[in-house]
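The following exercises are meant for a reader who is new to this structure. Please study the sequence and the model before reading the solutions.

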Amino acid sequence: MSSALGSVARGITSYVQQRVEGWRTGSRGSQVFLLLVFVALVGAAVGVGEVARVVVPVSLWFLVLMLGLMLLRFVPLLLLVVVLVAAAYWTSVETGFATPSRGSALVILAVGVLLAIYQSSRQRSGLPMALSEAVLTQLRDRLQRQGVVPPLPSGWRSESATITANGPSYAGDFLVADLREGRWLEMALVDVCGKGTSVGPQALQFAGALGGLIGALPPAELMAAANHFLLRQESDESLATAVHVKVDLVTGDYTITSAGHPPALHWHLGQRGWAVDNARGMALGVIDDAEFTPSRGRLRPGEALMFYTDGVIETADRDLDEGIDWLRHAALQAVDARGFTGMPKRVLKKVPRGDDDRAMLVLERQPLTSPELDSERARSLGA
């Protein structure tokens, strides 16, 4: 007996899981099934009211309407609305339960119906409200996963931080990274023009394109391909700034390519300060023949490179050069206080709150330990 009940329970559980998975796809079959469930619930409520001669509360229809708005697409929701209106009319007028207070409740229900229809018609994705939110969340999470720097070999460390403007989670600033053969590290920090949730789809689309190109093309060709990608977009607002760095994790040699992005900063151990990098280039998505002038250098043990977006340095009361000077001073204080660990978050906390996203990336080549120093000296003497 218990085994039979267990089989039935497993069968019901499997059936429910299949229906839930079907709803997540937004398929027509899953929507029809869900609509039939709602109609059956409404019919059951009407039947119970008729048999027991009790008043079915208008709030029940309002609850069903809200659930339908969350779970149904536009056409199934319209059909559910027809059923709800018929049920509300029957249980209020035909059964003789119409009262002034119930009439007021029906007016509120009618307003709720109109608002639900309007809201559902505005769902440009064609998906139910709850499913649209889930899709946006997946897009946001995918964008964030692309910004994870792969684990680096011993002696190297990277750290990044992002603060979105006004709190939304769909930032226009993003990072893509690639590590090949455990030696060649490439990272690109990008700032897509726009603010808030409107820039999220553009940023995700561009991040996907860059994620497929990074590591497959030389830096200059990568920027040219990214520029052509944005120029092919239909929107006149498909513009972005970007900075790309390619580092040899064995020697520390690097190449920085900038496309209209604020200049990178190099922490020089001997100078104990942040020097401004001289890589320059046109922003992406502006002209066909954009030119990029890269910079080259070497990151020695104990040094670091810092990349950031314009939201970190630009405010209404200071220009770009003043912002860079402010950042160099703030970053110097941050390093003197606690080193590079946690530096991006500490610096971003000092940035005045504004209407632009803020992102920062630091790549550090850690100082040599005593055994490594002895090995380095031995190699030097042997040479």
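**Exercise 1: A pair between two strands**

R298, at 38% relative accessibility, counts as partly exposed, a class lying between buried (under 20% relative accessible area) and exposed (over 50%), with a 1.4 Å probe and protein chains only. The model is a predicted one, in which local features need pLDDT of at least 70, side-chain atom pairs count only at pLDDT 80 or more, and totals for chains, interfaces and linings use all residues. Residues are numbered from 1 along each chain as its sequence is written, and side-chain values use heavy atoms, with hydrogens and water left out.

Task: State which side chain meets R298 in a salt bridge.

Solution. Step 1: A salt bridge is defined as a side-chain nitrogen of Lys or Arg within 4 Å of a carboxyl oxygen of Asp or Glu. Step 2: D253 is the partner of R298, at 2.6 Å from N to O. Step 3: The pair links distant parts of the chain, with D253 in strand 5 (residues 253-259) and R298 in strand 10 (residues 295-298), 45 residues apart. Strands (E, at least two residues) and helices (H or I, at least four) are DSSP runs numbered from the N terminus. Step 4: D253 is partly exposed, at 31% relative accessibility.

**Exercise 2: Further salt bridges**

Task: Determine how many salt bridges a search of the whole structure finds, and describe examples.

Solution. Step 1: The search finds six salt bridges. Step 2: One joins R157 and E364, at 3.2 Å from N to O. This pair links distant parts of the chain, since R157 belongs to strand 1 (residues 156-163) and E364 to strand 12 (residues 358-365), 207 residues apart. E364 is buried, with a relative accessible area of 9%. Step 3: R157, E159 and E364 are linked in a network of salt bridges. Step 4: Another salt bridge joins D248 and R183, whose closest N and O atoms are 2.7 Å apart. D248 is buried, with a relative accessible area of 6%, whereas R183 is partly exposed at 30%.

**Exercise 3: A residue in strand 5**

Task: Decide whether T257 is buried or exposed, and list what T257 touches.

Solution. Step 1: T257 is found in strand 5. Step 2: T257 counts as buried because its relative accessibility is 2%. Step 3: Contact means heavy atoms within 4.5 Å. Not counting residues up to four places away in sequence, T257 touches P219, M223, A242, V243, H244, F292 and P294.

**Exercise 4: A surface patch**

Task: Identify which residues form the nonpolar patch that includes L78.

Solution. Step 1: Patches consist of residues with over 30% relative accessible area and no salt bridge; like charges are joined within 9 Å, and nonpolar side chains (Val, Leu, Ile, Met, Phe, Trp, Tyr) within 5 Å. Step 2: The members are F74, V75, L78 and L79, with about 320 Å² of accessible area together. Such areas come from the Shrake-Rupley method with a 1.4 Å probe; for residues, only the protein chains shown count as cover. Step 3: L78 lies in helix 4 (residues 74-94).

**Exercise 5: The chain as a whole**

Task: State how many helices and strands the protein chain has, and what share of its residues is buried.

Solution. Step 1: The protein chain has 11 helices and 12 strands. Step 2: Buried residues make up 41% of the 383 residues. Step 3: Among contacts between residues at least 6 apart in sequence, 69% join residues at least 24 apart.
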